[in-house]
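Me: Hi! Could you walk me through this one? I'd like to go over the rings and the ligand.

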Amino acid sequence: MAEETIFSKIIRKEIPADVVYQDDLVTAFRDVQPQAPTHILIVPNKEIPTVDDVTAEDEPAMGRMLRVAAELAREEGLAEDGYRLIINCGDHGGQEVYHIHMHLLGGRRLGRMLGGS
Ligand code: AMP
């Protein structure tokens, strides 16, 4: 069993978060430090630390994350102008919370793919 992060407590509604979607496989909530007008995190309900830990049994949750991201992007009015989905993996990927999460970012032109150090 992976070590639990704060995201598991958000999924179980044990600590407050702005949850915008939840089903049997995934939960989505607004990032506490938004980097764009829309910044939502989509996470599997199961504790999976990184993309490197994904197994075949996780494929339904991984697919659901993508579909929910697209649906939330539509709801947020981002579909026409576009948006960005990011999953950071590990130290060099800049991952801070070790429970897989997909960032949905949009609402402004996001510029270059990689910025900063
Ligand atoms: P990453 O660097 O890809 O691991 O992203 C972690 C993200 O989680 C950052 O954008 C944080 O702002 C966000 N975050 C950390 N704690 C919380 C929280 N309690 N509620 C919402 N977002 C959070």
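Reply: Happy to! Rings of Phe, Tyr and Trp (its six-membered ring) pair if their centres lie within 6.5 Å; planes under 30 degrees apart count as stacked, over 60 as edge-to-face and the rest as tilted. The model is predicted, so local features need pLDDT of at least 70 and side-chain atom pairs pLDDT 80 or more, while totals for chains, interfaces and linings use all residues. Residues are numbered from 1 along each chain as its sequence is written, and side-chain values use heavy atoms, without hydrogens and water.

Me: How many aromatic pairs does the structure hold?
Reply: One aromatic pair. The ring centres of Phe-7 and Phe-29 are 5.2 Å apart with the planes at 70°, so this pair is edge-to-face.

Me: Where in the chain are Phe-7 and Phe-29?
Reply: Phe-7 is in helix H1 and Phe-29 in strand S2, 22 residues apart, so to speak linking distant parts of the chain. Helices (H or I, at least four residues) and strands (E, at least two) are DSSP runs, numbered from the N terminus.

Me: OK, ligand now. Which residues come nearest?
Reply: Asp-31, Asn-88, Glu-96, His-101 and His-103, out of 16 around the ligand. A residue counts as near if one of its heavy atoms lies within 4 Å.

Me: Which element gives the largest share of that shell?
Reply: H1, with three residues. Helix H1 (6–11) and strand S2 (26–30) each supply at least two.

Me: And the polar contacts?
Reply: Those are pairs of N or O atoms within 3.5 Å. A polar backbone atom of Glu-96 is 2.6 Å from a ligand oxygen, and a polar side-chain atom of His-101 lies 2.8 Å from an oxygen atom of the ligand. For Val-32, a backbone N or O atom lies 3.2 Å from a ligand nitrogen.

Conventions: Polar contact = N/O pair within 3.5 Å; in protein donor to acceptor, adjacent residues only side chain to side chain.
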